[in-house]
Amino acid sequence: MSTFKPRDWGSHAPLIAPEYKSTILRGPSRSPLAIKSGLTEGTGPRFAPAAVRELDFDLTRNGVVNGEPQGERIVVHGRVMDTDGRPQSNILVEIWQANAAGRYVHKVDQHDAPLDPNFRGSGRCFTDEDGNYKFYTIKPGAYPWGNHFNAWRPNHIHLSLFGPGFATRLVTQMYFPGDPLLELDPIFLGTEDARARERLIAKFSIDRTEEGFALGYQFDIVLRGRNGTPMEN
């Protein structure tokens, strides 16, 4: 059975972050109990290749109905690694996001922005033998939310990763460099360690930019440990 090094909880957002108001209601009022992982947490889940369809990695095509999705095309790529920097293959990476106007395909999202009939805003893929993953998508727009007066979420993409065991599962958000909303966003700032916050911001990559088609962004992910990618609170 696999054994996992403990998480560096100082790199993650606290379970209750007062500036992020909904955490006051949903965050636990007592310290979590440390439960020793067993066989189940160390050996799964494992997903079969059939869990991913041919176009699941390409959000510019997997929701097309009658035309191209609107917005700036981007390619998001990176490597998934363990605590010691070893690449992790066959990891299921899932993403979901708002469209270019800042609206999700979800009945709860009633933001006064248009839905794109050719963009569903979700996808998945497996990492290859070197831990690499890649998505084609549309750069998501900012959108207002009700946390405080004139609150806007920065451009971001949600990611969920199922590692080699359930104990390594990570749910996080990827942000974009140079976004002025980052320093105003209590979710991003909820990760108090400034160096850890930097690990949530993708790097622009001209080398992975595809000429005439899509700008490239690199977002490497470490499942846990001192260099771990911060998890959502």
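1. Start with the second largest pocket of this predicted model. Its lining has 13 residues, and those nearest its centre are Tyr104, Val105, His106, Val108 and Asp109. The volume of the second largest pocket is about 280 Å³. By class, its lining holds six nonpolar residues, five polar and two charged.

2. Now the largest pocket. The space in it comes to about 900 Å³. Lining it are 24 residues, with Arg7, Trp9, Ala167, Arg224 and Met231 the closest to its centre. The lining of the largest pocket breaks down into 15 nonpolar, six charged and three polar residues.

3. Next, the packing. The largest nonpolar core has 24 residues. Val80, Val93, Tyr133, Leu159, Leu161, Met174 and Ile221 touch the most other members. Five strands each supply at least two residues of this core: β1 (73–81), β2 (92–96), β4 (132–138), β7 (156–162) and β8 (170–175).

4. Another core lies apart from the largest one. That core has 10 residues, including Trp145, Tyr175, Ile187 and Phe188.

5. Which residues does Leu161 touch, leaving out those up to four places away in sequence? Val80, Ile91, Leu92 and Val93 are among them. So are Thr168, Arg169 and Leu170. Ile221 and Leu223 complete the list. Of these contacts of Leu161, Val80, Val93 and Ile221 are also named with Leu161 among the core residues that touch the most other members.

Key:
Residues are numbered from 1 along each chain as its sequence is written. This is a predicted model: local features need pLDDT of at least 70, side-chain atom pairs count only at pLDDT 80 or more; totals for chains, interfaces and linings use all residues. Side-chain values use heavy atoms; hydrogens and water are left out. On a 1 Å grid over the protein atoms alone, a cavity is a set of points where a 1.4 Å probe fits but cannot get out, and a pocket is an open set with protein on both sides within 12 Å along at least five of seven lines; lining residues have an atom within 4 Å of a point. Grid points are joined across faces, edges and corners, and a volume is the space filled by probe spheres set on the points. Ala, Val, Leu, Ile, Met, Phe, Trp, Tyr, Cys and Pro count as nonpolar, Asp, Glu, Lys and Arg as charged, and the others, Gly among them, as polar. A nonpolar core is a set of buried Ala, Val, Leu, Ile, Met, Phe, Trp, Tyr and Cys residues joined through side-chain atoms within 4.5 Å. Buried means under 20% relative accessible area, exposed over 50%, partly exposed in between (1.4 Å probe, protein chains only). Helices (H or I, at least four residues) and strands (E, at least two) are DSSP runs, numbered from the N terminus. Contact means heavy atoms within 4.5 Å.
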